[in-house]
Amino acid sequence: MGLKRLLLRYYPPGIMLEYVQDGEPKTKSIDLLNLRPDTDAIALVEEIQRGEPLITASYKEHVIHLVRRLQEKLGEKEDHMFHLFKILRAHILPLTNVAFNKSGSCFITGSYDRTCKVWDTESGEELRTLEGHRNVVYAIAFNNPYGDKIATGSFDKTCKLWSTETGECYYTFRGHSAEVVCVSFNLQSTLVATGSMDTTAKLWDIEKGEEVVTLSGHSAEIITLSFNTTGDKIITGSFDHTVAVWDVGTGRMLHNLVGHQGEISNAQFNWDCSLIVTGSMDKTCMLWNAMTGTHIATLTGHSEEILDVCFDYAGQRIATCSVDGSARVYDAETQKCIAKLEGHSSEISKICFNPKGNRILTASSDKTARLWDAATGQCLQVLGGHTDEIFSCAFNYSGNIIITGSKDNTCRIWH
Amino acid sequence: MGLLSILRKLKSTPDQEVRILLLGLDNAGKTTLLKQLASEDISHITPTQGFNIKSVQSQGFKLNVWDIGGQRKIRPYWRNYFENTDILIYVIDSADRKRFEETGQELAELLDEEKLSGVPVLIFANKQDLLTAAPASEIAEGLNLHTIRDRVWQIQSCSALSGEGVQDGMNWVCKNVSAKKK
């Protein structure tokens, strides 16, 4: 067993190891989720060495160097102000969702005009139009980190798999009996999962183009799904007020997270797959143990329905947004509310962290997106200009580009 | 509203909720009608590039009204919104006689849609506040409405601007919804 190469992973902080075992090339990662600019790098690396035999004495200096580079990145002063770079008259009908590939070199937009478009981030030029769906393209996803494939979920009840490079449609996945409203690739890029208003989710093999398994058990529409990073589990959130945890290999339901008193709006794993966060129309957010399915805490504070919830990349903070026009940040470990983001004049429908985790982006029906300091809750910028409500927003991986997708049929790029 | 709210309004509606689709040519007055129903300001209305959704309470029902843009290039996308429709409201600019043929054709095509088969249709002969407006009877005849046999239908003259006739039309809607939902 020999180590071949060490690679940096900025977000969440970690070191990737490429090594050979029994003649086979393999990779694994050392997650440094708690790394801070002032962490003692030498002590940390010595600790890593005790748990990881691949890091032999001869690699020690190199690993210390890598850790210090991660610390530099974390400590970099962040005073980037965003300016409108381009307005893309993207579609002839409202946009639905938007998503970046891993490097941020291109992004995709879905629309009521039944297409998904691929855009070059640098120039704002349209690279390709993915045509073929017979109804609204609602859910879209890249198979990040690779980014060579795109999945689209449509109100036409199908999901399509496309080549990013050529725009060719590899497969049309048929089998759902109602709208497909969520799609996701596993991180290993072997499966695509689809969730539908028909109350089921399905897993599809992207090589063979075949259905692998149907996840049935919910009694109402599935509106969100998410793989864990290791790819052995997937969660589905439903209008039946519950979230189900499924074993990807067998399609068996492992846990049903019961407790919310309203429809689920979103559900996510944290990076190390130990926690699940769920947001609900019952105005609360809940935290669950992902292994046992037991309830850990209920995060309260919002006075109206919660429309979106997410972890930061390292899984240390949770952000929620609500019909009450505010957003909140909670510490995942203490479950205390650490910041209230107030300023939007109407409901906030989307929220996300930048990959570094120190900024939050919100999209609202007040036609603006806002940028916030994740630690203090201070509003840093109002991104205005859309002429109708904003349905979706995203950061690129470096955190220096934002895209917003609106009901006004345009997409805006902010640098 | 947000995408999630759209999904909530998309699902097959429970007993007391009604999904109403508001269609018609561009400039027929659909958005004005929608805002009149919701008692909102109607002084600054621009052509609808996509859709508007409003929920209004009427006679014990929650009416979820979907107002869909009517410009020619986006008419092919009307089909996006057909699913689970309880009532179709078709709006006509009664003063735009030059386009009676065009609007009649669009209506005929809608009535042929499988997903809208049997769905009750209310036709609003709008803009009766204009002196040049054709009366509802003339429009009914021009559009051969009497040949509609596969569903209940009604034509109602109205002015979305003044609100006159709008409530009469909505009363018909509620009456026919309760007949259907029972």
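**Exercises on a predicted two-chain model**

A:K117 is buried, with a relative accessible area of 13%. The structure is a predicted model, and the exercises below work through some of its charged pairs, its cysteines, two local sites and the contact between its chains.

**Exercise 1. A charged pair with two surroundings**

Find the salt bridge that joins A:K117 and A:E126, and decide for each residue whether it is buried or partly exposed.

Solution. Begin with the pair itself: the side chains of A:K117 and A:E126 form a salt bridge in which N and O lie 3.3 Å apart. Next take each residue in turn, remembering that buried means under 20% relative accessible area. A:K117, at 13%, therefore counts as buried, whereas A:E126, with a relative accessible area of 38%, is partly exposed.

**Exercise 2. Bridges between distant parts of a chain**

For the salt bridge of A:E52 with A:K28, and for that of B:R75 with B:D26, work out which parts of the chain are joined.

Solution. In chain A, the closest N and O atoms of A:E52 and A:K28 are 3.0 Å apart, and the two residues form a salt bridge. A:E52 sits in the loop between α1 (41–51) and α2 (60–75) of chain A, while A:K28 belongs to strand β3 (residues 24–31), so that the bridge links distant parts of the chain, 24 residues apart. A:E52 is buried, with a relative accessible area of 8%, but A:K28 is partly exposed at 30%.

In chain B, the side chains of B:R75 and B:D26 meet in a salt bridge of 3.1 Å, N to O. Because B:R75 lies in the loop between β3 (61–68) and β4 (87–93) and B:D26 in the loop between β1 (17–24) and α2 of chain B, this pair ties together parts that are 49 residues apart in sequence. B:R75 is buried, with a relative accessible area of 6%, and B:D26, at 25%, counts as partly exposed. As a last step, place the pair in its wider setting: B:D26 and B:R75 belong to a network of salt bridges that also links B:R72, B:D96, B:R99, B:E102 and B:E106. Over all chains, the structure has 23 salt bridges.

**Exercise 3. Cysteines without partners**

Explain why A:C106 is not bonded to A:C116, and state how many disulfides the structure holds.

Solution. Start with the distance: the closest cysteine sulfur to that of A:C106 belongs to A:C116 and is 10 Å away, which is too far for a bond, since a disulfide needs two sulfur atoms within 2.5 Å. A:C106 is also buried, with a relative accessible area of 8%. A:C411 is likewise in no disulfide, the nearest cysteine sulfur being that of A:C393, 11 Å away, and A:C411 is buried at 0% relative accessibility. The count over all chains is 0 disulfides.

**Exercise 4. A serine and a helix**

Describe the surroundings of A:S364, and then list the buried residues of helix α2 of chain B.

Solution. A:S364 is part of strand β30 (residues 359–364) of chain A, and its relative accessibility of 0% makes it buried. A polar atom of its side chain lies 2.9 Å from the backbone nitrogen of A:D366. Beyond its neighbours within four places in sequence, A:S364 is in contact with A:H344, A:S346, A:E347, A:I348, A:E389 and A:I390.

Turning to chain B, helix α2 (residues 30–37) is mostly covered, with 6 of its 8 residues buried. These residues are B:K30, B:T31, B:T32, B:L33, B:L34 and B:L37. After the helix comes B:S39, which has a positive phi, near 55 degrees.

**Exercise 5. The contact between the chains**

Describe the contact of chain A with chain B by its residues, its buried area and its polar pairs.

Solution. First count the participants: chain A gives 32 residues to the contact and chain B gives 22 residues. Then consider the area, for the two chains bury about 2,500 Å² between them, with 58% of it on carbon and sulfur atoms. Of the area that chain A buries against chain B, 22% comes from A:I92, A:Y112 and A:R114, more than from any other three residues.

Finally, look at the pairs. There are 2 salt bridges across this interface, one of them being that of A:E263 with B:R8, at 3.4 Å from N to O. Between the chains, 9 residue pairs are in polar contact. On the side of chain A that touches chain B, β5 (95–100) and β29 (348–353) each supply at least two residues, and that side has 14 nonpolar, 7 polar and 11 charged residues.

Technical notes. Residues are numbered from 1 along each chain as its sequence is written. Chains are lettered from A and ligands numbered from 1 in the order in which they are written. This is a predicted model: local features need pLDDT of at least 70, side-chain atom pairs count only at pLDDT 80 or more; totals for chains, interfaces and linings use all residues. Side-chain values use heavy atoms; hydrogens and water are left out. Contact means heavy atoms within 4.5 Å. Buried area is the accessible area (1.4 Å probe) that two parts lose on being put together, summed over both. A salt bridge is a side-chain nitrogen of Lys or Arg within 4 Å of a carboxyl oxygen of Asp or Glu. A polar contact is a pair of N or O atoms within 3.5 Å; within protein, one must be able to donate a hydrogen and the other to accept it, and residues adjacent in sequence count only if both atoms are side-chain atoms. Helices (H or I, at least four residues) and strands (E, at least two) are DSSP runs, numbered from the N terminus. Ala, Val, Leu, Ile, Met, Phe, Trp, Tyr, Cys and Pro count as nonpolar, Asp, Glu, Lys and Arg as charged, and the others, Gly among them, as polar. Buried means under 20% relative accessible area, exposed over 50%, partly exposed in between (1.4 Å probe, protein chains only).
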